[in-house]
Amino acid sequence: MKYFTADTHFFHKELIHDTRFANRMFFSVNDMNNTIVENWNSVVNDNDTVYHLGDIALINSKKEDLKRVLEILKKLKGQIVFLKGNHDSRALFKFIDKNNVILPDGRMKFTFIDVGLILKLNHYQLFLTHYPLLVGPSKNRVNVHGHIHHSSVNSPWNINVGVDSADIDYLINKLPFGTPISEKNLFKIIEAKLIDHKKDGR
């Protein structure tokens, strides 16, 4: 199974109770971090692949902080494909890669992509990026992205999969905070957003 997420922002104290941007109602960053790990692992197993579309954590590049992020990432199940976000340093990527883990099936746990990739899934071309792209109307071309937190691009061809995303509200069954979006739920969001835009004549 494939999953999608972005903007976990581990250790980012300023996002807690920031109602205009992320609305993360936690007592502490540890509470937030642990909730993401728990809800991630409730759906993902080590045979799955999770595409993390940037902004892993907000830290400096000191070795102690890099180690703290790595310890959290090691707790997350599945293979994780990281796309670089605006808050992700090369130092973090290099440190994670240097301390990579081999999964039971022989795959490396962490893989890295700088800008983006195209993933063909369910007759769609998914353009995976951190920043939203304007791909234009198409029957089978969708930009899957993060970066904009509790916002949504006014287009059915752009789906925000960040943990704070407003697009997650298109799902009938609400996902607990930090739960990666399964490929099945991604296509539910795409279809619901298409219907919503058709109703409004957009």
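Start by selecting helix α4, residues 183-199: in this predicted model, the helix lies across β5, β6, β7 (141-145) and β8. Turn the view until β6 and α4 are both clear, and you will find the helix running at about 100° to that strand.

**The sheet under α4**

Now hide the helix and colour the strands. What order do they take in the sheet? Reading across, you meet β5-β6-β7-β8, an open sheet of four strands with mixed pairing. Its edges are β5 (116-121) and β8 (158-160), each of which pairs on one side only. Look along the sheet to see the twist, which averages 25° from one strand to the next.

Next, zoom in on β5 together with strand β6, residues 124-129. These two pair in the antiparallel sense, over six bridges. As a general point, strands of a sheet pair through backbone hydrogen bonds, either parallel or antiparallel. Show the side chain of isoleucine 118 and look across to β6: phenylalanine 127 stands opposite.

**The loop between β5 and β6**

Stay here and select asparagine 122, which lies in the loop between β5 and β6. Check its backbone torsions: asparagine 122 has a positive phi of about 55°, although it is not a glycine. Is this residue buried, exposed or partly exposed? With a relative accessible area of 46%, asparagine 122 is partly exposed.

**A second positive phi**

Jump to phenylalanine 11, in the loop between β1 (2-5) and α1 (29-41). Here too the residue is not a glycine, yet phi is positive, at about 70°. Switch on a surface for this stop: phenylalanine 11 has 14% relative accessibility and therefore counts as buried, the cut-off being under 20%.

**Two helices crossing**

For the last stop, select helix α2 (residues 63-75) and helix α3 (residues 90-98). Their axes come within 10 Å and cross at roughly 55°. That angle is why α2 and α3 are described as oblique to each other. As for handedness, α2 passes α3 in a right-handed crossing.

Display the side chains at the contact. From α2, pick Lys63, Leu66, Lys67, Val69, Leu70 and Leu73; from α3, add Ala91, Leu92, Phe95 and Ile96. Colour this selection by residue class and you should get eight nonpolar residues, two charged and no polar ones.

Technical notes
Residues are numbered from 1 along each chain as its sequence is written. This is a predicted model: local features need pLDDT of at least 70, side-chain atom pairs count only at pLDDT 80 or more; totals for chains, interfaces and linings use all residues. Side-chain values use heavy atoms; hydrogens and water are left out. Two strands pair if DSSP finds at least two bridges between them. Axes are lines fitted to C-alpha atoms, for helices over the stretch in contact, and angles run from 0 to 180 degrees between N-to-C directions. Contact means heavy atoms within 4.5 Å. Angles under 35 degrees count as roughly parallel, over 145 as roughly antiparallel, 65 to 115 as roughly perpendicular and the rest as oblique. A crossing is left-handed if the near helix is turned anticlockwise from the far one by less than a right angle, and right-handed if clockwise. Ala, Val, Leu, Ile, Met, Phe, Trp, Tyr, Cys and Pro count as nonpolar, Asp, Glu, Lys and Arg as charged, and the others, Gly among them, as polar. Buried means under 20% relative accessible area, exposed over 50%, partly exposed in between (1.4 Å probe, protein chains only).
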